[in-house]
Amino acid sequence: MATGQRAKVDTLALRQRLLSSSCRLFFPEDPVKIVRGQGQYLYDEQGGEYIDCINNVAHVGHCHPLVVQAAHEQNQVLNTNSRYLHDNIVDYAQRLSETLPEKLCVFYFLNSGSEANDLALRLARQYTGHQDVVVLDHAYHGHLSALIDISPYKFRYLDGQKEWVHVAPLPDTYRGPYREDHPNPAMAYANEVKRVVSNAQEKGRKIAAFFVESLPSVGGQIIPPAGYFSQVAEHIHRAGGVFVADEIQVGFGRVGKHFWAFQLQGEDFVPDIVTMGKSIGNGHPVACVATTQAVSRAFEATGIEYFNTFGGSPVSCAVGLAVLDVLEKEQLQTHATCVGSFLMELLRQQKAKHPIIGDVRLKENYILLSADGPGRNILKFKPPMCFSLDNAQHVVTKLDAILTDMEEKVRSCETLRLQPSSVKHHPGEWALLLVLKRPRDGSLPSTASILSKEPSHRLVSSKGWF
């Protein structure tokens with residue numbers, strides 16, 4: 001590490017000269033230079049402290065000492081590939097297996113969520129002998145070419161939808177066609193998947209897999225209605241495909257009541273393949289695919305070795321084990337439920353108090369948030385799991401002050417023009433209302449969403465700063 005600090009303006013100039021402009025910064029108009037992280041805080045070059053509400057990669061906290069120590073100690077002894085016998089990789093696979101349903105008992109280790117989803121696609125195609133994939137609208141599953149092809153969030157701005165990709169509507173009970181007042185939204189949305197599959201089959205297509213984030217993220221922090229996954233799985237299995245649960249954004253205890261977000265769908269539901277990344281290594285590049293013996297055997301039958309140079313290395317597995325240790329020792333899953341419930345209650349109070357949401361650009365409050373959803377009109381909270389009750393109170397106090405100031409400015413205007421939208425609303429529904437989403441079973445994910453009901457009136461946070 002360099003002993004001196006380069007001035008921020010010089011760092012920015014070098015970045016602009018050496019890096020592609022497609023590698024974007026948070027708050028590009030005035031980027032923040034982050035030089036240190038600890039727990040749920042990030043620090044700029046002037047010593048300014050920011051509460052990190054969006055970093056679900058630093059799962060147990062930035063630079064957690066036990067995770068850092070595990071990596072350092074293993075690095076001093078050995079770091080090589082997984083073609084040699086080593087205890088770390090089997091210990092780690094065993095620990096992961098204890099968190100999953102029994103039939104998910106074969107593990108592949110990789111470096112990133114994109115690699116994990118790419119391998120899941122290969123596994124599905126080899127096992128089924130089919131090629132086609134069903135995904136949800138606005139989904140994002142990674143940056144590799146094949147994954148861009150199954151990510152409507154990306155492919156709509158690039159080469160468009162491939163003939164082997166089939167898109168089903170988001171199971172959004174807040175803004176979608178089947179809402180919370182529907183008698184059975186899970187069945188209604190599952191039937192949409194059935195319809196998509198049938199249409200594909202009528203064209204002679206064969207379904208290999210249904211890919212879904214267990215809680216769709218860039219699609220708007222959607223919480224699928226309970227029972228949706230199991231009903232979709234029936235339709236997909238009947239078509240000869242497999243169910244892939246993408247846990248890269250939301251796994252490892254983040255939803256509080258369960259270790260895996262797909263478990264919100266009920267104890268009887270078990271995916272055929274689960275992919276993991278991001279939080280699995282607390283910032284170290286680790287990823288994993290878990291699947292069944294049947295799927296794995298079909299992949300093995302090709303006779304082609306699967307090898308990943310860095311996946312499953314002694315250091316990566318030592319880090320993964322340390323993350324599991326910290327989650328357990330610090331009871332962070334329980335902590336997520338406690339703090340998340342408190343945060344949700346505070347935000348409900350804000351919902352009752354503030355009828356309008358508009359532009360939000362005040363990074364001077366030293367709080368990092370992110371806007372998401374198809375209309376970029378949702379603020380998402382995905383902080384490190386050590387995010388505290390005091391942090392929650394502080395964030396909501398700042399949010400309250402921002403919204404109060406904004407409403408006062410609106411009242412000082414002669415008119416507030418609302419643009420028309422094609423979105424269907426309930427009778428009497430306010431166009432701009434603060435709304436919170438949570439699972440139907442009452443458990444609280446430490447991911448909270450604040451939605452504006454009109455996509456045309458999105459929260460402007462410059463992709464991350466609040």
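In what order do the seven strands of the open sheet stand? In this predicted model, the order is E4-E10-E9-E8-E7-E5-E6, and the pairing is mixed. Alongside the sheet, here is a look at a helix that packs on it and at a pair of helices, H2 and H10, that pack together.

**The sheet and its edges**
- Strand E4 (106-110) and strand E6 (165-168) stand at the edges; each has a single partner strand, so one side of each is left without a neighbour in the sheet.
- On average, neighbouring strands of this sheet are turned by 20° against each other, direction ignored.
- Strand E5 (residues 132-136) runs parallel to E6, and four bridges join the two.
- If you would like a place to look, Val134 stands opposite His166 in E6.

**A helix on the sheet**
- Helix H3 (residues 87-97) packs on the sheet, where it touches E4, strand E9 (273-276) and strand E10 (287-291).
- The direction of H3 makes about 120° with that of E4.

**The H2 and H10 pair**
- Helix H2 (residues 65-75) packs with helix H10 (residues 314-329) at an angle of about 155°, and their axes are 8 Å apart.
- Angles over 145 degrees count as roughly antiparallel, and H2 and H10 are therefore roughly antiparallel to each other.
- The crossing in which H2 passes H10 is right-handed.
- From H2, the contact involves Leu66, Val67, Ala70, Ala71, Gln74 and Asn75.
- These meet Pro314, Val315, Ala318, Val319, Ala322, Val323 and Val326 in H10.
- By type, the residues of this contact of H2 with H10 divide into eleven nonpolar, two polar and no charged.

Key:
Residues numbered from 1 in each chain as written. Predicted model: local features only at pLDDT ≥ 70, side-chain atom pairs only at ≥ 80, totals over all residues. Heavy atoms only, no water. Pairing = 2+ DSSP bridges. Axes fitted to C-alpha atoms, helices over the stretch in contact; angles between N-to-C directions. Contact = heavy atoms within 4.5 Å. Parallel < 35°, antiparallel > 145°, perpendicular 65-115°, else oblique. Left-handed = near helix turned anticlockwise from the far one by under 90°. Nonpolar A, V, L, I, M, F, W, Y, C, P; charged D, E, K, R; others polar.
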